[in-house]
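Subject: Structure handover

Hello,

Here is the structure I promised to pass on. Please open it first, then read my notes below.

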Number of protein chains: 2
Amino acid sequence: MFGNELSERKRLILKAIVEAHIEGGDPVGSKYLMENRNITCSSATIRNEMAELESLGYLEQPHTSAGRVPSELGYRFYVDSLAQEYAMTAREIEEINKLLKMKMTEIDQILVMASKVASAITNYTGIAIKPRRSNVTIERFEGFAIDSRSFVLVMMLSNGSVKTRNVRVDNGISTETIGRLTTLLNSYVSGLTTDGITLPIIMDLEREMGGDGELISPIIKSIYEVMNEIDSGELKLSGLDRLLQYPEYADTDRFREMLGALEKKDEILNLVSEAKDDDINVIIGSESAVKVMDHSALVFKPIVKNGKTLGAIGVIGPLRMDYAKVLATIAGLSGRLADLINENSLTDGEDKNGRKGI
Amino acid sequence: MFGNELSERKRLILKAIVEAHIEGGDPVGSKYLMENRNITCSSATIRNEMAELESLGYLEQPHTSAGRVPSELGYRFYVDSLAQEYAMTAREIEEINKLLKMKMTEIDQILVMASKVASAITNYTGIAIKPRRSNVTIERFEGFAIDSRSFVLVMMLSNGSVKTRNVRVDNGISTETIGRLTTLLNSYVSGLTTDGITLPIIMDLEREMGGDGELISPIIKSIYEVMNEIDSGELKLSGLDRLLQYPEYADTDRFREMLGALEKKDEILNLVSEAKDDDINVIIGSESAVKVMDHSALVFKPIVKNGKTLGAIGVIGPLRMDYAKVLATIAGLSGRLADLINENSLTDGEDKNGRKGI
DNA sequence: GTTAGCACTTATCTTTCTCGAGTGCTAACA
DNA sequence: TGTTAGCACTCGAGAAAGATAAGTGCTAAC
């Protein structure tokens, strides 16, 4: 889409600068490029090219007598042109397979574990995301008595997860009443979104329950609670400490700002919720409207099953993150996860492809 | 228990030093004490006393020409002698009441919310803890079919929480089989700890299930998973970013080390699991064996219901945290939480004491 | 036991200086 | 027209030096 206006040599130089900067973190100069990056022309020529690349917006100069640093546009060019895949080492594949062997059955745990692995392999911070899902409904209700004064309400949601709430009933409740209650809930409330549960419906429920009508109010409250829980998404970080080893986060204020935003988590969740479903998404600095990301990059991929987005895993790190490695890691991990999730009938230490270990 | 060897004046001076240091964060000198802290003797006398307090281990001197700073022992003295309670402001009480009005029913959520409030009030980092509980058992099993090939296994645990797992059965499963299965589980497995579920028991189960014996293995796996989940405790932080505003965490390496340890979380969980149940626990720096805490302090209180520890809330911050305020906050919060948990039958915006708002 | 006074210590802050990497520009060259 | 060598210039990083001031320990007087 862009980068077409660049000559072959400019591309080569730009790529070399990005890679050098990713490795070292320092601004890179013309002489260095000539000597260590196989650019076959003189430093003066490189300087000329660099000046042009800067005026085109691909490079930046921290100050007059420093080398160049890629701009966000520069990184974008690099990421978009990343053709050669990073080959995972045996150790990294091993790590992923170890994860798969654990065969957890709960999607939450799987995502968190995967993000931990991603963090370990890439040495950046891993994130596990359950996106907002505003259209989740409760498909089915069940209930059990715990004792004469409380029971467990089990709710099966349209996204496949199951939630429970303890409900306490001061006046006592019988098994028979619980049965009546769940039948009612199943016919009146199942399939509705939060907005769908209107006052008339609640009143109907209360009427139908007759003498036990006062039960309804706390139950509706529980239902709202559960649906809000799903609705609001989740964001879990792992290996946050790793970021601190990069000089770009040495400035405590910057790190603090980011931490605060990650804790609020709305912005990141929005970002992910709006993402294209089946691609790896790479968000570079201020490309997104999320202010906090200004000096960081976020790479993530949604995990999809039967067309439904169950969550996402990703990596967050400095602008100059090792995109080749990160992209390969996320691609590899998410591929395996998809296998694991779509086909959780694997039975032993072998994965679907019959490959073992390594 | 100690501090008795100190003269009244020494105590006064020590207390003044701790408070001054908590406020400002800088080493405090003799002249400052005389002029701003109402110590009614000359700076020379104060210097003499300070020298003695130092040799007794209550104070430390960063370098020769600096003032004194409390040692961990000094803080310990201060905390132990904290008689005057910090009075909560109306705003802070308001904050707590807001929390109570939300009336969440799930203990996890309650703890996390409480730790958020604690963090907001004290301006340190809040922590919500579910301690390890190695003696939890599953009290009761129930199951529902989702479709012909999978069902939900509901487990009610001895600590009152309820867990569910989705189990997939490739050969299909009938409602009747599920009923048989849960009956079996209830008679063979309920009440057992992980260690109690021995191979013979598993084999019995398989035998009893006859043709559906292959069901048992994934179910046992789910059971282990759930019990391990409970077993391993949980630790959630809130307001981590707040810590970064204190100069003691300006050193990125130190903060990083702490972050890493909080992420591993075992050590902190041990600490909490071993704590006295009904006290506010104050752990000052290296008093604990937890290395990470070397330059930090942890204040927490277990939340107990019917003699069982459900969790704990607390605050983590620099050694020079405002102990008076933190202790009062945690005491206030945990008191209210206990009310909320032991009596979750409150019905509207008024709390148990009939007090409203403020 | 307390206090005034004084010499001494030492972190911190500012200023100054040097060093070197890297640039832009000009002029020569292919 | 595109490339390269050469050179003056810029500017940040870091070291060195000096000034400042807070705070101490000690001695001697009260």
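Let me start at the surface near DNA strand C, where α3(B) is the top contributor, with four residues. Please keep in mind that this is a predicted model.

**DNA strand C**

Two elements supply two or more residues each to the surface near DNA strand C: α3 (43–55) of chain A and α3 (43–56) of chain B. In total, 20 residues lie around DNA strand C. The nearest are S30(A), R9(B), T45(B), H63(B) and S65(B). Of the strand C atoms that come within 4 Å of the protein, 75% are sugar and phosphate. By class, the surface near DNA strand C holds 12 polar residues, four nonpolar and four charged.

Three polar pairs are worth loading in your viewer:

- R47(A) puts a polar side-chain atom 3.1 Å from a base nitrogen of DNA strand C.
- H63(B) has a side-chain N or O atom 3.4 Å from a sugar or linking oxygen of DNA strand C.
- S65(B) has a side-chain N or O atom 3.1 Å from a sugar or linking oxygen of DNA strand C.

**DNA strand D**

Which residues come closest to DNA strand D? They are R9(A), T45(A), S65(A), S30(B) and R68(B), out of 20 that surround the strand. Sugar or phosphate makes up 74% of the strand D atoms within 4 Å of the protein; bases make up the rest.

The polar pairs here include two to phosphate. A polar side-chain atom of R9(A) sits 3.0 Å from a phosphate oxygen of DNA strand D. For R68(B), the distance to a phosphate oxygen of DNA strand D is 2.9 Å, again from a polar side-chain atom. R47(B) goes to a base: a polar side-chain atom lies 3.1 Å from a base nitrogen of DNA strand D.

α3 of chain A and α3 of chain B are the elements that give two or more residues to the surface near DNA strand D. The largest share comes from α3(A), with four residues. The class split is four nonpolar, 12 polar and four charged.

**The two protein chains**

How is chain B related to chain A? A 180° rotation, with 0.0 Å of shift along its axis, superposes chain B on chain A at an RMSD of 0.1 Å. The two copies are therefore related as by a two-fold rotation axis. In chain B, T252(B) has the C-alpha nearest that axis, at 3.7 Å.

The contact takes 41 residues from chain A and 41 from chain B. Of the interface residues of chain B, 100% are also interface residues in chain A, so the copies meet through the same surface.

Interface size is often quoted as the accessible area lost when the parts come together. Here chain B and chain A bury about 3400 Å² between them. Carbon and sulfur atoms carry 51% of that. Between the chains there are 10 residue pairs in polar contact, both at pLDDT 80 or more. The salt-bridge count across this interface is zero.

On the chain B side, each of these gives at least two residues to the contact with chain A: β4 (138–147), β5 (150–157), β6 (162–168), α9 (216–231), α10 (240–243) and α11 (252–264). α11(B) gives the most, with six residues. That side of chain B has 15 nonpolar, 13 polar and 13 charged residues.

Over to you.

Best wishes

How values were computed. Residues are numbered from 1 along each chain as its sequence is written. Chains are lettered from A and ligands numbered from 1 in the order in which they are written. This is a predicted model: local features need pLDDT of at least 70, side-chain atom pairs count only at pLDDT 80 or more; totals for chains, interfaces and linings use all residues. Side-chain values use heavy atoms; hydrogens and water are left out. Copies are superposed by least squares on the C-alpha atoms of residues with pLDDT of at least 70 in both. Contact means heavy atoms within 4.5 Å. A residue is near a molecule or strand if one of its heavy atoms lies within 4 Å of it. A polar contact is a pair of N or O atoms within 3.5 Å; within protein, one must be able to donate a hydrogen and the other to accept it, and residues adjacent in sequence count only if both atoms are side-chain atoms. Ala, Val, Leu, Ile, Met, Phe, Trp, Tyr, Cys and Pro count as nonpolar, Asp, Glu, Lys and Arg as charged, and the others, Gly among them, as polar. Buried area is the accessible area (1.4 Å probe) that two parts lose on being put together, summed over both. A salt bridge is a side-chain nitrogen of Lys or Arg within 4 Å of a carboxyl oxygen of Asp or Glu.
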